[in-house]
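Hi everyone, thanks for coming. I'd like to walk you through a protein that is probably new to most of you, so let's put it on the screen.

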Amino acid sequence: MRIFSGIQPTGRKHLGNYVGAIRQYVAGQERAVEAGGDAIFCIVDLHATTVQYDPAELRERLYDTTALLLAAGLDPARCVLFRQSDVQEHAELCWLLCSVTAHGDLNRMHQFKDKSAQQRELVSAGLFLYPTLMAADVLAYRATEVPVGDDQRQHVELMRDIALRFNARFAAEREPVLVVPEHRIPEVGARIMDLQEPTRKMSTSSSSIEGTLYVLEEPAALVKKFKRAVTDSDNEIRFDRAAKPGVSNLLELLAVARGTTIADAQASMADARGYGDLKLATAEAVDGLLAPVRERYAELRPDEAAIEEALGAGAEKARAIASGVLADVREVMGVGPRR
């Protein structure tokens, strides 16, 4: 087993990031250790440069994100945690994989369409090639599993296609050079929705502030947002994503925070007096889930030297793996001197 996933250092991390990615990372770390495998996690600062950004803020957010991952339970002694730009094999492999990445596939990526529509001055070539770099991130480690949220399903399918196409073209008469990974998407909480627009996914860039629950949200602010969450007028607590999106989102959040099924969450509200009770119960459960992370983050974030030390040690471990894979890719592609 070899697990790989990356997370952007931009924006304040919200509950959707925590459930869809960060919490999966911690669980993946433990599964990999138990199986005698590897868990590799990367803060993808190169990806963050594909849209307009502030360089000084990027560095600060990278430290924020690293501290948050450590606070959530990632342990550099039990996993590989590093900064993407510290391992140059990612960028070179991205370029080499462009030779087997179809323009039409990239043009169909939902994220490219959404983000390019938001750019007022420049839609960068980097934004277009973002999925190829994401593929390089994973394929450089011959990862077998990629824990992601549901919104990244299309990107994982593309990286699978890239790996298959590469092996068919350059390694048809030998053992495959690249491993075709599988995605791992949580059964509950794969798509956390905006509290104010429950038909729209909670997002770092496009959600409303009032509808977004941040991982480091103070308890009072969190409760206030839940009290204002959009529901409906019939006051019936049941899960029905199409007919009752707001109530369904609250029930799913309650299930996620408690670690139960949605059916159990709904059953627990059988004696509720109305949506107010549901909102309060969900707020309390979510705060209980996030409180330990907030407290640990406050301890870790000030020590940037320790964060850099952890990232540097992780980069050395990552390069030890990625350099061998890149060497194999260069060899079968006829790039560079013979080995």
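I'll start with the whole chain, then go to the cores, and then to some single residues.

A bit of housekeeping before that. This is a predicted model, so local features need pLDDT of at least 70 and side-chain atom pairs count only at pLDDT 80 or more, while totals for chains, interfaces and linings use all residues. Residues are numbered from 1 along each chain as its sequence is written, and side-chain values use heavy atoms, with hydrogens and water left out.

Okay, the overall picture. What does the secondary structure come to? It's 13 helices and 5 strands. Those are DSSP runs numbered from the N terminus, with helices being H or I of at least four residues and strands being E of at least two. The radius of gyration of the protein is 21 Å, and the globule rule gives 20 Å for 339 residues, so the protein is as compact as a globular protein of that length. That radius is taken over C-alpha atoms, and the rule is 2.2 Å times the number of residues to the power 0.38. If you drew a box around the C-alpha atoms along the principal axes, you'd get roughly 75 × 45 × 45 Å.

How much of the protein is buried? Of the 339 residues, 51% are. Buried means under 20% relative accessible area, exposed means over 50%, and partly exposed is in between, using a 1.4 Å probe and protein chains only. The accessible surface comes to about 15,500 Å², and 49% of it belongs to carbon and sulfur atoms. Areas like that come from the Shrake-Rupley method with a 1.4 Å probe, and for residues only the protein chains shown count as cover.

Now contacts, meaning heavy atoms within 4.5 Å. Take the contacts with a separation of 6 or more: 74% of them are between residues 24 or more positions apart.

On to the cores. By nonpolar core I mean a set of buried Ala, Val, Leu, Ile, Met, Phe, Trp, Tyr and Cys residues joined through side-chain atoms within 4.5 Å. The largest one has 57 residues, and Leu15, Tyr18 and Phe226 have the most contacts inside it. Helix α12, residues 275–300, gives the largest share of that core, with 11 residues. Apart from it there's another core, of 48 residues, including Leu106, Phe112, Leu178 and Val325. Back to tyrosine 18 for a second: if we skip neighbours within four places in sequence, its contacts are Arg23, Ala72, Val215, Leu289, Leu290 and Val293.

Let's look at a few polar and charged residues. Serine 5 sits in strand β1, residues 2–7. Is serine 5 buried or exposed? With a relative accessible area of 4%, serine 5 is buried. Beyond four places in sequence, serine 5 is in contact with Tyr25, Ile40, Phe41, Cys42, Pro147 and Val148.

Then there's lysine 225, in helix α9, residues 219–227. It counts as buried too, at 5% relative accessibility. Leaving out neighbours within four places, its contacts include Glu210 and Glu217.

Glutamate 308 is in helix α13, residues 304–333, and is partly exposed at 27% relative accessible area. Not counting residues up to four places away, glutamate 308 touches Tyr63 and Arg83. Its C-alpha atom is 9.3 Å from that of threonine 66, with those positions 242 residues apart along the chain.

Next, some backbone angles. Most residues other than glycine have a negative phi. Arginine 142, though, has a positive phi of about 50 degrees; arginine 142 is in the loop between α7 (125–139) and β4 (145–147). Asparagine 235 also has a positive phi, of about 65 degrees, and lies in the loop between α9 and α10 (245–258). Asparagine 235 counts as partly exposed, at 42% relative accessibility.

Last stop, proline 176. Where is it? In the loop between α8 (153–170) and β5 (182–184). Proline 176 is exposed, with a relative accessible area of 53%. From proline 176 to glutamate 304 it's 41 Å, C-alpha to C-alpha.

That's my tour. Thanks for listening!
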